[in-house]
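User: Please take a close look at one part of this structure and explain how it is packed. I would like one connected answer, with the terms explained as they come up.

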Amino acid sequence: MAQTRSLPIGRRESILERVNARGEARVADLASELGVSVITVRRDIASLDGEGLLRQVRGGAHRLVSRDESAQLPGRVAAEGDGTPLKDIGVVVPSLTYYWPRILRGASAAADGHGARLHIDAAAPRAEECLESLARLTDEGAIDALLLAPDLRSGEASEELLARLKGLRVPVVLMERDARDLDPTFVGVDSVRTDHQQGALDAFAHLHQLGHRRLGLLHDRTSPTVPRILAAWQRAQELFDLPAEHSALGVLDTHGRNPAQQVDSFLDLCFDRGVTGIHVHSDEAALLVMQQAGRRGIDVPGDLSITAHDDELSTLTRPALTAVSPDKLALGDRAVQMLVRRLEAPDAPYERTELLPRLHVRGTTAPPSDEGPSIPS
């Protein structure tokens, strides 16, 4: 009996240790790390919540904030039991595996600093899915504020989502999105996003400063960031006098059919037009480019200099990718601070904030070869 009983106790201690160390943890991650089923982890979390050792949330668990910590943190609302409940922030993001985890970590740290809890509902990139998430989070009145990242580019669902946002009684901050993408006259929510247009333009400028006079862009087909990447490309063409016959523009559906073939077609276009420097959005697409370049005997950066966008996977290649790096932790922090400000001052002017990314120069960019481009077929 003692041996059988020690197993769940040890497992629960491991769960509690992980949650306390990270501040929060997802059920799926814990199940994978501990080698047990999701149902088992959920039961353990429920048991730990019942003992007052952590707080169970949708899809995972959060570390409890002690009263000593509460007293040390400025701006924190009253701790549970003091008559004022902690604030609950609903979060809807497109992914928990790429780009968004660091934004969520920044938001979580800021929420901890204000005694708030994040309730994450992922993934919901499309407006239709975001509407469903909003219904789950708001219909019971359990959410005090919202952080959202829907795709607002077009469609009836996007218009319905904007109408829903106007009618909400809780403050909303859009992350990496701007309602003006769909309705230029829309007001009523705060937003914080990365200046991706400037970031991509910095990448083109870096290539040009190295001596590349024929440039290219390969961009993702589906990302909401695409319009800003294309705006940077258009501006680069103007600034650096890039005629169409001396430049290459390609589109990649990373998760579509034959992405390697799509990359090969773009590399062929670069070779035909003498392009020696390219910017690739996103990191995932850039990894495919590096893979196909290696298979074809194209030397990077000797034959082709490459910059990437997002800086999520850039250090996994050899050489490591030069990449545009959004400050995701700062973005998550800023989003929560904007919510707190809105809760404290509901009538304050609405804010639209842009954070400048940085270009991290690594091993995939160098001056062009004196012999000119030599890209094997």
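Analyst: A residue is called buried when its relative accessible area is under 20%, exposed when over 50% and partly exposed in between (1.4 Å probe, protein chains only). By that rule, 48% of the 377 residues in the protein chain are buried. The model is predicted, so local features need pLDDT of at least 70 and side-chain atom pairs pLDDT 80 or more, while totals for chains, interfaces and linings use all residues. Residues are numbered from 1 along each chain, and side-chain values use heavy atoms, without hydrogens or water.

The chain has twelve helices and 15 strands (DSSP runs numbered from the N terminus: H or I of at least four residues for helices, E of at least two for strands). The part to look at is the pair formed by helix 6, residues 127–138, and helix 7, residues 156–167. Their axes, which are lines fitted to C-alpha atoms over the stretch in contact, come within 8 Å and cross at roughly 30°. Angles run from 0 to 180 degrees between N-to-C directions. Helix 6 and helix 7 are therefore roughly parallel (under 35 degrees; over 145 is roughly antiparallel, 65 to 115 roughly perpendicular, the rest oblique). The crossing is left-handed, that is, the near helix is turned anticlockwise from the far one by less than a right angle.

On the helix 6 side, the contact (heavy atoms within 4.5 Å) uses Ala127, Glu128, Cys130, Leu131, Leu134, Ala135 and Thr138. Helix 7 contributes Ala157, Ser158, Glu160, Leu161, Arg164 and Leu165. By class, eight of these contact residues are nonpolar, two polar and three charged.

Cys130 also leads to Asp151: the two are 21 residues apart along the chain, and their C-alpha atoms are separated by 8.6 Å. Asp151 sits in the loop between strand 6 and helix 7. Its relative accessibility is 17%, so Asp151 counts as buried.

Strand 6 (145–148) in turn supplies at least two residues of the largest nonpolar core, as do strand 4 (88–93) and helix 5 (100–113), among others. A nonpolar core is a set of buried Ala, Val, Leu, Ile, Met, Phe, Trp, Tyr and Cys residues joined through side-chain atoms within 4.5 Å. This one has 27 residues, and Ile89, Val91, Leu147 and Met175 have the most contacts inside it. Beyond its neighbours within four places in sequence, Val91 touches residues including Leu137, Leu147 and Met175.

Methods: Ala, Val, Leu, Ile, Met, Phe, Trp, Tyr, Cys and Pro count as nonpolar, Asp, Glu, Lys and Arg as charged, and the others, Gly among them, as polar.
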